[in-house]
Each structure stands twice: as C-alpha cells, then as structure tokens.
Amino acid sequence: VQLQASGGGLVQAGDSLRLSCAASGRTFSGYRMGWFRQSPGKEREFVAAVNSSGGRTYITDSVKGRFTISRDNAKKTSYLQMNSLKPEDTAVYYCAIDNPPLAIFSNLRSNTVYDYWGQGTQVTVSS
C-alpha cells in the first residue's frame, strides 16, 4: 500500500487549504484513515481520523471547529479541510491508514496503530 499526500503550501493566517491523501495497492475492507502533523522539534501529533464509511470522525481539540476530515472510498482518498488557519498550524502533515483495521476507534489518535504512512506535505501559515 502506498499513500500520496498533497495539497500543502504557504498561506496567510485565516486562509484555507485542503489536503488529500490517495491510497493505492491492496487495502482491506474497513480501513480507517488518519492525519497527523509534526513541527520542528516536536513530536508527531494526531489531528483527525475517519472511519471506513466516513460517517464517524475524530478531531483533536486544538483544531476542532476549523478542520474537518472526510473520505471518498471510490477514490481511496482522504481529505483534510483546514479553515481559519493559524501560524501554529504550520507543520508537515502526514496521512496514514490502519490496514487491516484492527484498532478500536478511540485508539486512532495513536500513531502506533497505523500501518502505512504517506510522505508528508508541508503546510506553512504566515502571520
């Protein structure tokens, strides 16, 4: 399985970006998709996750109300819509999937439950 993340860039505070993560290769039914981010000198942190149908999402508190996660199963793609961006959102954003889906949903905030990771896409928000 390979994941290709895209959509990052340099924006100003208050702007929006939509990140995409496309999966290719063999995927098991029911896999979940997640997004993480990592800033220089910091640990990778959970941002959002979505269940297999797209009907259930899990958003970290620091971005709740500004970021949403969705997926298009026909395209094997996850999206992270980021609105009202702030300078503290600056980071490399990584997508990941748990494939096969073994973790309980509440554990999807842990990076250890994911099996495959994308290469990361840089998001820089200027003030």
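How many helices and how many strands does the secondary structure of the protein chain come to? In this predicted model, the tally is zero helices and eleven strands. Read from the N terminus on, the elements simply go β-β-β-β-β-β-β-β-β-β-β.

As for overall dimensions, the C-alpha atoms fit a box of roughly 40 × 25 × 25 Å along the principal axes. The radius of gyration is 14 Å, which agrees with the value near 14 Å that a compact globule of 127 residues would have. Of those 127 residues, 42% count as buried. The chain exposes about 6300 Å², and carbon and sulfur atoms supply 45% of that area. Contacts tell a bit about how the chain folds back on itself: among those between residues at least 6 apart in sequence, 59% join residues at least 24 apart.

Strand β4, spanning residues 32–38, is a handy place to start looking around. It is mostly covered, with six of its seven residues buried. On β4, two pairings can be followed. With β9, the pairing is antiparallel and runs over seven bridges; here Arg37 has Tyr93 of β9 as its bridge partner. With strand β5 (residues 45–50), β4 again pairs in the antiparallel sense, this time over five bridges, and Met33 stands opposite Val50 of β5. The hairpin of β4 and β5 has six residues between the strands, and Gly41 there takes a positive phi near 80 degrees. A rule of thumb helps when looking at any of these strands: in a regular strand, side chains alternate between the two faces of the sheet.

Strand β9 also takes part in a covalent link. The model has one disulfide, and it joins Cys21 to Cys95 with an S to S distance of 2.1 Å. Cys21 sits in strand β3 (residues 17–24) and Cys95 in β9, so the bond ties together parts that are 74 residues apart in sequence. Is this pair of cysteines, Cys21 and Cys95, buried or exposed? Both turn out to be buried. The torsion about their S-S bond is about 70 degrees, so the disulfide is right-handed.

Charged side chains add links of another kind, with five salt bridges in the count. One of them brings together Glu45 and Arg37, at 2.6 Å from N to O. The two partners differ in cover: Arg37 counts as buried because its relative accessibility is 6%, under the 20% cut-off, whereas Glu45, at 34%, is partly exposed.

Another salt bridge connects Asp89 with Arg66, at 2.7 Å from N to O. This pair links distant parts of the chain, 23 residues apart: Asp89 lies in the loop between β8 (77–82) and β9 (91–98), and Arg66 in the loop between β6 (57–59) and β7 (67–72). Both Asp89 and Arg66 are buried. Thanks to salt bridges that share partners, Arg37, Glu45, Arg66 and Asp89 are joined into one network.

For Asp61 and Lys64, the closest N and O atoms of their salt bridge are 3.1 Å apart. Unlike the buried pair of Asp89 and Arg66, both Asp61 and Lys64 are exposed.

Conventions. Residues are numbered from 1 along each chain as its sequence is written. Side-chain values use heavy atoms; hydrogens and water are left out. A salt bridge is a side-chain nitrogen of Lys or Arg within 4 Å of a carboxyl oxygen of Asp or Glu. Buried means under 20% relative accessible area, exposed over 50%, partly exposed in between (1.4 Å probe, protein chains only). Helices (H or I, at least four residues) and strands (E, at least two) are DSSP runs, numbered from the N terminus. A disulfide is a pair of cysteine sulfur atoms within 2.5 Å. Two strands pair if DSSP finds at least two bridges between them. The radius of gyration is taken over C-alpha atoms; the globule rule is 2.2 Å times the number of residues to the power 0.38. Contact means heavy atoms within 4.5 Å. Accessible areas come from the Shrake-Rupley method with a 1.4 Å probe; for residues, only the protein chains shown count as cover.
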